[in-house]
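Hi,

Here is the structure I said I would pass on. Have a look at it first, and my notes follow below.

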Amino acid sequence: PNSSVAEDVFRVFVNEVEIRAEQKNNSEIFGSASSALLKNIDQISSSTSLDDPTSAQSKALKWLLEQDPCRGTLSTSRSMNRYTIAVIYLSLRLPNIAAHLVGQENECSWTGVTCDAAGDVIKIELQNSQLTGEVPSEIHYFAPTLEHVDFSENNIVGSIPDGLYSLRKLINLYLHNTTLTGTLSPKVSNWAELNNLYLGNNELIGEVPKEITMLRKLRFLILHANKFNGNIPSSFNEMKSLFYLDLSYNDLTGGLPESLSGCTKLRHAYLDHNKLSGPIPSSYGRLGGDWIIDLTMDSNQLTGGLPSKWGDKKKLLTLKVQNNNLRWEIPKDICKQWVLDGNGELVELGADCNICRCDFCRGRCYS
């Protein structure tokens with residue numbers, strides 16, 4: 001397309017001031033498109049958004065029907081792909097949208113989009129792309145095929161839309177280091193295929209839904225640095241694949257869930273900097289089977305002491321329990337794990353001085 005077309009598209013998408021008041025009404029625009037296409041668009045976008053000339057949906061439709069270089073030559077499914085991706089770009093406010101759309105005729109070559117051999121969208125990766133808008137609910141159009149979404153490292157606003165919860169094929173969801181607000185819905189149970197859920201460093205509130213423990217294939221669950229409150233869900237023993245858990249830096253209360261000891265593949269557990277109280281379950285001596293790399297429970301309100309069976313661990317690299325209300329001495333079998341003594345692999349033990357009598361605690365404990 002020549003430069004004048006690119007400029008026209010750029011005005012349509014970015015400069016809302018130049019959208020003409022006398023633009024064609026919907027009935028005129030719709031008259032040039034197939035009824036099947038318009039019916040599909042009506043099913044994923046509300047009439048209110050389509051009627052609003054400043055909305056991402058209205059702008060995407062106008063581009064699709066008037067300025068898309070492939071208009072009138074594609075199947076309904078491909079046109080729907082193009083419409084949906086355009087809505088995502090616009091809603092998230094991807095910079096320089098014209099350059100992303102005008103130069104590429106095949107939507108599978110658009111920025112951040114990956115398709116399979118059949119031309120179905122399976123990945124959308126827009127991490128660190130200076131996004132400042134919202135995730136549109138229209139993303140649910142890709143529910144039958146979309147496996148990977150990465151919008152991390154951006155300034156995304158708003159909450160997680162219902163459309164995102166409908167992506168039942170999702171394997172990886174990366175929304176960390178944005179500014180998402182709102183709650184995490186019980187609809188997370190829809191993500192039955194999910195392996196990796198990264199929601200850390202946002203502004204999410206409310207309780208961590210118990211339905212999250214229904215995700216049997218989940219390996220990485222990262223929710224740190226939000227504003228979650230309430231109790232930690234109690235059914236972690238169902239999460240047999242869990243390898244990495246980070247709930248640190250929230251406002252979680254209540255006790256440590258004993259069910260966590262059932263996660264035999266767990267290697268990294270970060271529960272620090274919350275308001276957790278009560279004793280450390282004795283079953284935590286079995287946490288991660290015979291191998292736990294990192295376990296941090298510091299800066300809570302825990303009482304009692306550490307389990308006495310930790311000396312059986314073949315691998316225990318980092319253990320932090322300082323800044324709690326623990327009163328029992330660190331078990332001697334944990335002292336024997338110190339890597340410099342040649343008996344174990346413990347390289348970091350964070351504990352208050354009044355409970356740590358290990359030789360290596362001198363000068364390393366917290367007073």
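Let me start with Arg93: this residue comes right after helix H6 and has a positive phi, near 60°. Keep in mind that this is a predicted model, so everything here is computed from it.

The helix before that arginine, H6, covers residues 76–92. Its length checks out: 17 residues at 1.5 Å a residue should span 24 Å, and the end C-alpha atoms of H6 are indeed 24 Å apart. H6 is also mostly covered, with 14 of its 17 residues buried.

On to the core. The largest nonpolar core has 98 residues, and the members that touch the most others are Phe151, Met297 and Ile330. Helix H6 supplies the largest share of this core, nine residues. If you want one residue to click on, try Ile330: leaving aside residues up to four places away in sequence, its contacts include Leu306, Val321, Leu349 and Ile355, as well as the cysteines Cys335, Cys356 and Cys358. In general, nonpolar side chains tend to be buried together in soluble globular proteins.

Then there is a sheet. It is open, has three strands in the order S6-S8-S10, and the pairing is parallel. S6 (205–207) and S10 (251–253) are at the edges with a single partner strand each, so one side of each has no neighbour in the sheet. From one strand to the next, the twist averages 10°. S8 (residues 227–231) runs parallel to S10 and is joined to it by three bridges. To find one of the bridge partners, look at Asn229, which is matched with Asp251 in S10.

Cheers

Terms used. Residues numbered from 1 in each chain as written. Predicted model: local features only at pLDDT ≥ 70, side-chain atom pairs only at ≥ 80, totals over all residues. Heavy atoms only, no water. Pairing = 2+ DSSP bridges. Helix = DSSP H or I, 4+ residues; strand = E, 2+ residues; numbered from the N terminus. Axes fitted to C-alpha atoms, helices over the stretch in contact; angles between N-to-C directions. Core = buried A, V, L, I, M, F, W, Y, C linked by side-chain atoms within 4.5 Å. Buried < 20%, exposed > 50% of the residue type's maximum accessible area, 1.4 Å probe, protein only. Contact = heavy atoms within 4.5 Å. Expected span 1.5 Å × (residues − 1).
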